[in-house]
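Please take a moment to look over the sequence and the fold shown below before reading on. The paragraphs that follow walk through them step by step.

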Amino acid sequence: MTQLNEALLGILACPNCRSSLVVDYEASELVCAKPECGLAYPVRDSIPILLVDEARAPGHRRVEVPETAADDVTHVVVRAEDE
Ligand SMILES: [Zn+2]
């Protein structure tokens, strides 16, 4: 996707929690930087769609969590995304 304007990114915020957003160029998404929120907003034709209704919840990513790591779900998710 086309590079997003950095100045634009600086003023954008998650409409759900008002945290800053990071660009995921591979997925063409703007992802909320707040781990407890983590909503991913789609970018269409270089225009970020900052609507909670359009956002993808992080829980939609299917991650196998071993029972022993149930207390540590955040770290399990981070490792899965690194692969
Ligand atoms: Zn957020």
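**A walk through the fold**

With 17 C-beta neighbours inside 10 Å, L4 counts as partly exposed, because that number falls between the 12 or fewer of an exposed residue and the 20 or more of a buried one. This residue is placed in the segment before α1, the helix that covers residues 6–11. When residues up to four places away in sequence are set aside, L4 touches L9, V23 and S46. The C-alpha atoms of L4 and Y25 lie 9.4 Å apart in space, although 21 residues separate the two in sequence.

It helps now to step back to the chain as a whole, keeping in mind that this is a predicted model. The secondary structure comes to two helices and four strands, and, read from the N terminus, these elements follow one another as α-β-β-β-β-α. Of the 83 residues in the chain, 13% are buried. Among contacts between residues at least 6 apart in sequence, 18% join residues that are at least 24 apart.

The four strands form an open sheet in the order β1-β2-β3-β4, and their pairing is antiparallel. Because β1 (21–24) and β4 (47–48) stand at the edges with a single partner strand each, one side of each is left without a neighbour in the sheet. As general background, strands of a sheet pair through backbone hydrogen bonds, either parallel or antiparallel.

We can now follow the sheet from one strand to the next. Between β1 and β2, which run antiparallel, there are four bridges, and V22 has V31 in β2 as its bridge partner. Continuing across the sheet, β2 and β3 also run antiparallel and are joined by three bridges. Here V31 appears again, standing opposite A40 in β3, while L30 has Y41 in β3 as its bridge partner. Finally, β3 (residues 40–44) pairs with β4 in the antiparallel sense over two bridges, and in this pairing R44 stands opposite I47 in β4.

Which residues make up the largest nonpolar core? There are nine in all, namely C14, L21, L30, C32, L39, A40, Y41, V43 and A55. Strands β2 (29–32) and β3 each supply at least two residues of this core, and the largest share, three residues, comes from β3. A general tendency gives some context, since in soluble globular proteins nonpolar side chains tend to be buried together. One member of the core, L30, shows how parts of the chain come into contact: leaving aside its neighbours within four places in sequence, L30 is in contact with L21, V23, Y41, V43 and P48.

The stretches between the elements deserve the same careful reading. In the loop between β2 and β3 we find K34, which counts as partly exposed because it has 15 C-beta neighbours inside 10 Å. Apart from neighbours within four places in sequence, K34 is in contact with C14, C17 and S19. The first of these contacts can also be described by a distance, for K34 and C14 are 20 residues apart in sequence and 9.0 Å apart in space, taken from C-alpha to C-alpha.

Some residues in these stretches stand out by their backbone angles. Most residues other than glycine have a negative phi, and most peptide bonds are trans. Against that background, R18 has a phi near 65°, a positive value in a residue other than glycine. This residue is placed in the loop between α1 and β1, and R18 is exposed because it has 10 other C-beta atoms within 10 Å.

A positive phi also occurs at S28, where the angle is about 55° although the residue is not a glycine. S28 lies in the loop between β1 and β2, and the hairpin made by these two strands has four residues between them. Is S28 exposed, or partly exposed? With 16 other C-beta atoms within 10 Å, S28 is partly exposed. In the hairpin of β3 and β4, which has two residues between the strands, D45 takes a positive phi near 55°.

Technical notes: Residues numbered from 1 in each chain as written. Predicted model: local features only at pLDDT ≥ 70, side-chain atom pairs only at ≥ 80, totals over all residues. Contact = placed C-beta atoms within 7 Å. Pairing = 2+ DSSP bridges. Core = buried A, V, L, I, M, F, W, Y, C linked by C-beta atoms within 7 Å.
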